[in-house]
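Student: I'm new to this structure and I'd like to zoom in on one stretch of it. Could you pick a loop, go over it slowly, and then show me how it connects to everything around it?

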Amino acid sequence: MALKGVIFDCDGVMIDSTDANRQFYNCILAHYGLPPMRPEQERYCFMATSAQALESILPKELHSQIGRMGRDIVNYRQKIMPLVKVYPGFLDFIQILHNYGIRMAVLTNRTDAGMQAVLDIFSLPPYFDPVVTATRARSKPDPEGALSILSAWNCQAGEVLYVGDSAIDLKTARAASIPFVAFSPAAPLDADLTVTSWAELERLVIPRMA
């Protein structure tokens with residue numbers, strides 16, 4: 001089928017936030033006198049929502065305070081977002097999609113506020129519609145967000161690609177029957193395509209855009 005739309009995960013795909021998120025969660029842990037994250041905790045936290053991540057690394061007696069941690073303990077927007085970077089080639093890639101009339105959406109486990117910070121700080125063009133966050137749909141790997149995008153676009157699953165970097169993204173795509181592109185995954189994924197750069201994906205999808 002001709003390509004009609006591309007859905008993007010945010011962290012690990014649009015932006016490189018690995019070191020920034022590691023610092024955020026470790027700062028929270030340090031505030032409470034707890035040791036830094038272990039490798040398996042890091043892997044989970046980078047895929048989960050911020051609330052799920054904090055619930056997984058903090059003792060239960062602190063869970064009631066999670067809502068204020070990104071504001072009162074570590075100001076995420078002021079202290080952490082400056083450490084985040086847009087992946088090289090991403091802006092060029094979405095401009096090419098836009099030029100071909102390909103629709104674009106975001107499906108992320110960030111909250112509305114966290115995703116808006118990314119859009120604002122990097123002055124990303126207004127190409128993404130809809131932007132589906134964990135505030136607006138059940139968090140991935142539940143397919144609710146992906147299916148809502150297909151409905152909004154009136155597209156079949158085979159006319160769309162979902163670009164992600166994790167097993168959670170893969171499960172989400174499979175649950176919605178959307179072809180999955182793994183973007184520089186940390187571990188091998190059973191994806192329909194695996195790419196390590198936006199230029200590589202551009203070469204592969206241009207024949208479907210013509």
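Tutor: Let's start at S123, which sits in the loop between α7 (112–121) and β5. Before going further, keep in mind that this is a predicted model. S123 has a positive phi of about 50°, although S123 is not a glycine. Is S123 buried or exposed? Its relative accessible area is 60%, and the cut-off for exposed is over 50%, so S123 counts as exposed.

Now slide along to Y127, which lies in that loop between α7 and β5 too. Y127 has a relative accessibility of 17%, and buried means under 20%, so Y127 counts as buried. What does Y127 touch, if we skip residues up to four places away in sequence? The list is I94, Q95, H98 and M104. For a sense of scale, take Y127 and I66: they are 61 residues apart in sequence, and their C-alpha atoms are 32 Å apart in space.

The loop leads us into β5. This strand covers residues 128–132 and is one of the edge strands, the other being β8 (193–195); each of them pairs on one side only. P130 lies in β5, and there's a detail to look for there: the peptide bond from D129 to P130 is cis, with omega near 5°. Follow the chain into the loop between β5 and α8 and you'll find P141. The bond from K140 to P141 is cis as well, with omega near 15°.

Where does β5 fit in the bigger picture? There are 6 strands in an open sheet, ordered β5-β4-β1-β6-β7-β8, and their pairing is parallel. Going from one strand to the next, the twist averages 20°. For a look inside the sheet, try β1 (residues 5–8) and β6 (residues 160–164), which run parallel and are joined by 4 bridges. One residue to pick out in β1 is V6, whose bridge partner in β6 is L161. Packed on the sheet is helix α8 (residues 144–153), which touches β1, β4 (103–107), β5 and β6. The direction of α8 makes about 160° with that of β4.

Further along the sheet's order you can compare our starting residue with another serine. S184 is in the loop between β7 (180–183) and β8. Its phi is near 40°, again a positive value in a residue other than glycine. S184 is partly exposed, with a relative accessible area of 35%.

Next, the inside of the protein. The largest nonpolar core has 51 residues, and those with the most contacts inside it are F8, M14, L58, F128, V163 and W198. Look at L58 for an example: leaving out residues up to four places away in sequence, L58 touches I28, L29, Y32, L34, H63, I66 and M69. Apart from that core lies another one, of 21 residues, including L107 and L170.

One more residue is worth a stop: D169, in helix α9 (residues 167–175). D169 is at 1% relative accessibility and counts as buried. Which residues does D169 contact, beyond its neighbours within four places in sequence? They are D9, K140, Y162, G164 and F180. K140 should ring a bell, as the cis bond to P141 starts there.

Now step back to the whole chain. There are 10 helices and 8 strands in the protein. Its radius of gyration is 17 Å, close to the 17 Å that the globule rule gives for 210 residues, so the protein is as compact as a globular protein of that length. The C-alpha trace spans about 55 × 30 × 30 Å along its principal axes. Of the 210 residues, 46% count as buried. Among contacts with a separation of 6 or more, 65% involve residues 24 or more positions apart. The accessible surface comes to about 10,100 Å², and 52% of it belongs to carbon and sulfur atoms.

So, back to your loop: it holds an exposed S123 and a buried Y127.

Notes: Residues are numbered from 1 along each chain as its sequence is written. This is a predicted model: local features need pLDDT of at least 70, side-chain atom pairs count only at pLDDT 80 or more; totals for chains, interfaces and linings use all residues. Side-chain values use heavy atoms; hydrogens and water are left out. Two strands pair if DSSP finds at least two bridges between them. Helices (H or I, at least four residues) and strands (E, at least two) are DSSP runs, numbered from the N terminus. Axes are lines fitted to C-alpha atoms, for helices over the stretch in contact, and angles run from 0 to 180 degrees between N-to-C directions. Contact means heavy atoms within 4.5 Å. The radius of gyration is taken over C-alpha atoms; the globule rule is 2.2 Å times the number of residues to the power 0.38. Buried means under 20% relative accessible area, exposed over 50%, partly exposed in between (1.4 Å probe, protein chains only). Accessible areas come from the Shrake-Rupley method with a 1.4 Å probe; for residues, only the protein chains shown count as cover. A nonpolar core is a set of buried Ala, Val, Leu, Ile, Met, Phe, Trp, Tyr and Cys residues joined through side-chain atoms within 4.5 Å.
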